[in-house]
Amino acid sequence: MDHNNSETKDTLVQLLSPQRLRGKVAVITGGARGIGAATARVFAENGAHVVIADILNEVGTSLAESIGGRYVRCDVSKEEEVESAVKVAVEWKGRLDIMFNNAGIAGFGGSITNIKMDQMMTLLAINLHGVVHGIKHAARIMIAGKVYVVCAGKRGGTIICSSSSAAIMGGLASHSYTMSKEAILGLARSTACELGVHGIRVNCISPHGVPSEMLVSEFQKFLGNTELRPNEVSSIVGERGSLLRGRGGRLEDVAQAVLFLASDESGFVTGHNLVIDGGYTSAFSQMSFIYND
């Protein structure tokens, strides 16, 4: 059978399958818990082979085993470890279709007048350089690989990067975190320009108020309540940080957004930032009384 016809048939099967990522191979950095773990589960449920790359060995290994995936220890600030994570996927399944650059840290707060540059560089090494490492090594494999884009007759893949509502609206996070997430948006747009010729799509997601371990920890510190639970954080966001009053964000909301960007359903979407924020960064709801009759 002609190789191109075979790949075209496989792609059509994926489009028609209820499993939206059937047979695709994905690497998720920061995949052991939170948004990464929720996405790993959704990917696996939709037929993907998932490599979880994280520094949480026990949790990551357990999750990988539960979804039939693979786990690799990966500190994204170290380029060689990101490259190794990508190689695990290729050695396991012979290809890489999806790269989700999700690993990140909250970092530190405080005034710009007292910022410690060594702390800033540590955060950037993970939040920003880690994304650069992921795009670089995923793109190398995708360009040389055998992922076929039926509409254009080109090989390709999809790269998704985690940004934040803090990159869109000031005052939602520390200076260092905000800077790192804003830089990711620019990086995604510029790499989408370069890699589009290879059929590689590069997009971002920007969640807001989603009760990941990172956000829950920050809420606990801010409110002085170490017993605060994820569902309580979601309730607070639903009342104060969402146009959908009473509806806060969930990890699954973000996972479903990433699934869309990873699937062929978003085949004509690149250089885009998909915001998952209940409309919070789009409008000022405190003036809603003007809509009253």
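How many bridges join strand S1 to strand S2? Five bridges link S1 to S2 (residues 49-54), and the two strands run parallel. That pairing is a good place to start a tour of this predicted model. From there we can move across an open sheet of seven strands, look at two strands whose residues are buried, and then visit a pocket of about 1,500 Å³.

**The sheet as a whole**

- Seven strands form an open sheet in the order S3-S2-S1-S4-S7-S8-S9, and their pairing is parallel.
- At the edges stand strand S3 (70-73) and strand S9 (273-276); each has a single partner strand, so one side of each is left without a neighbour in the sheet.
- From one strand to the next, the twist averages 20°.

**Strand S1 and its neighbours**

- Strand S1 covers residues 25-29, and five of its five residues are buried, so S1 is largely enclosed by the rest of the structure.
- Val25, Val27 and Thr29 point one way from S1, while Ala26 and Ile28 point the other way; all of them are buried.
- On the S2 side, valine 27 has valine 51 standing opposite.
- To get from S1 to S2 the chain passes through helix H2, making a β-α-β crossover that is right-handed.
- S1 also pairs with strand S4 (residues 98-101): three bridges join these two strands, which run parallel.
- Within that pairing, isoleucine 28 has phenylalanine 100 of S4 as its bridge partner.

**Strand S7 and its neighbours**

- Strand S7 (residues 157-162) is mostly covered, with six of its six residues buried.
- Which residues of S7 lie on each side? Gly157, Ile159 and Cys161 are on one side and Thr158, Ile160 and Ser162 on the other, and both faces are covered.
- S4 and S7 run parallel and are joined by four bridges.
- Phenylalanine 100, the residue that partners isoleucine 28, also has a bridge partner in S7, namely isoleucine 160.
- S7 pairs with S8 in the parallel sense too, over six bridges.
- Here cysteine 161 stands opposite cysteine 204 in S8.
- Between S7 and S8 the chain crosses through H7, and this β-α-β crossover is right-handed.

**Out to the edge at S9**

- Strand S8 (residues 200-207) pairs with S9 in the parallel sense, over four bridges.
- In this pairing, proline 207 is found opposite isoleucine 276 of S9.

**The largest pocket**

- The largest pocket holds about 1,500 Å³ of space.
- It is lined by 50 residues, and the closest to its centre are Ala106, Tyr177, Met214, Leu215 and Glu218.
- Which helices each supply at least two residues of the lining? They are H2 (34-45), H5 (117-127), H7 (175-195), H8 (213-223) and H9 (230-240).
- H8 gives the largest share of the lining, with eight residues.
- By type, the lining divides into 24 nonpolar, 18 polar and eight charged residues.
- H2 and H7 therefore appear in two roles: both contribute to the lining, H2 lies on the crossover from S1 to S2, and H7 lies on the crossover from S7 to S8.

**Three residues to find on the model**

- Glycine 94 lies in the loop between helix H4 (79-93) and S4. Is this glycine buried or exposed? Its relative accessible area is 57%, and over 50% counts as exposed, so glycine 94 is exposed.
- Glycine 94 and valine 25 are 69 residues apart in sequence, yet their C-alpha atoms are 8.8 Å apart in space. Valine 25 itself is one of the buried residues of S1.
- Methionine 179 belongs to helix H7. With 40% relative accessibility, which falls between the 20% and 50% cut-offs, methionine 179 counts as partly exposed.
- From methionine 179 to asparagine 127 is 52 residues in sequence and 9.7 Å in space, C-alpha to C-alpha.
- Asparagine 231 sits in helix H9, and at 53% relative accessibility this residue counts as exposed.
- The C-alpha atoms of asparagine 231 and proline 211 are separated by 7.5 Å, with their positions 20 residues apart along the chain.

Methods: Residues are numbered from 1 along each chain as its sequence is written. This is a predicted model: local features need pLDDT of at least 70, side-chain atom pairs count only at pLDDT 80 or more; totals for chains, interfaces and linings use all residues. Side-chain values use heavy atoms; hydrogens and water are left out. On a 1 Å grid over the protein atoms alone, a cavity is a set of points where a 1.4 Å probe fits but cannot get out, and a pocket is an open set with protein on both sides within 12 Å along at least five of seven lines; lining residues have an atom within 4 Å of a point. Grid points are joined across faces, edges and corners, and a volume is the space filled by probe spheres set on the points. Ala, Val, Leu, Ile, Met, Phe, Trp, Tyr, Cys and Pro count as nonpolar, Asp, Glu, Lys and Arg as charged, and the others, Gly among them, as polar. Buried means under 20% relative accessible area, exposed over 50%, partly exposed in between (1.4 Å probe, protein chains only). Two strands pair if DSSP finds at least two bridges between them. A crossover is right-handed if, with the strands pointing away from the viewer, the path from the first strand over the helix to the second runs clockwise. Axes are lines fitted to C-alpha atoms, for helices over the stretch in contact, and angles run from 0 to 180 degrees between N-to-C directions.
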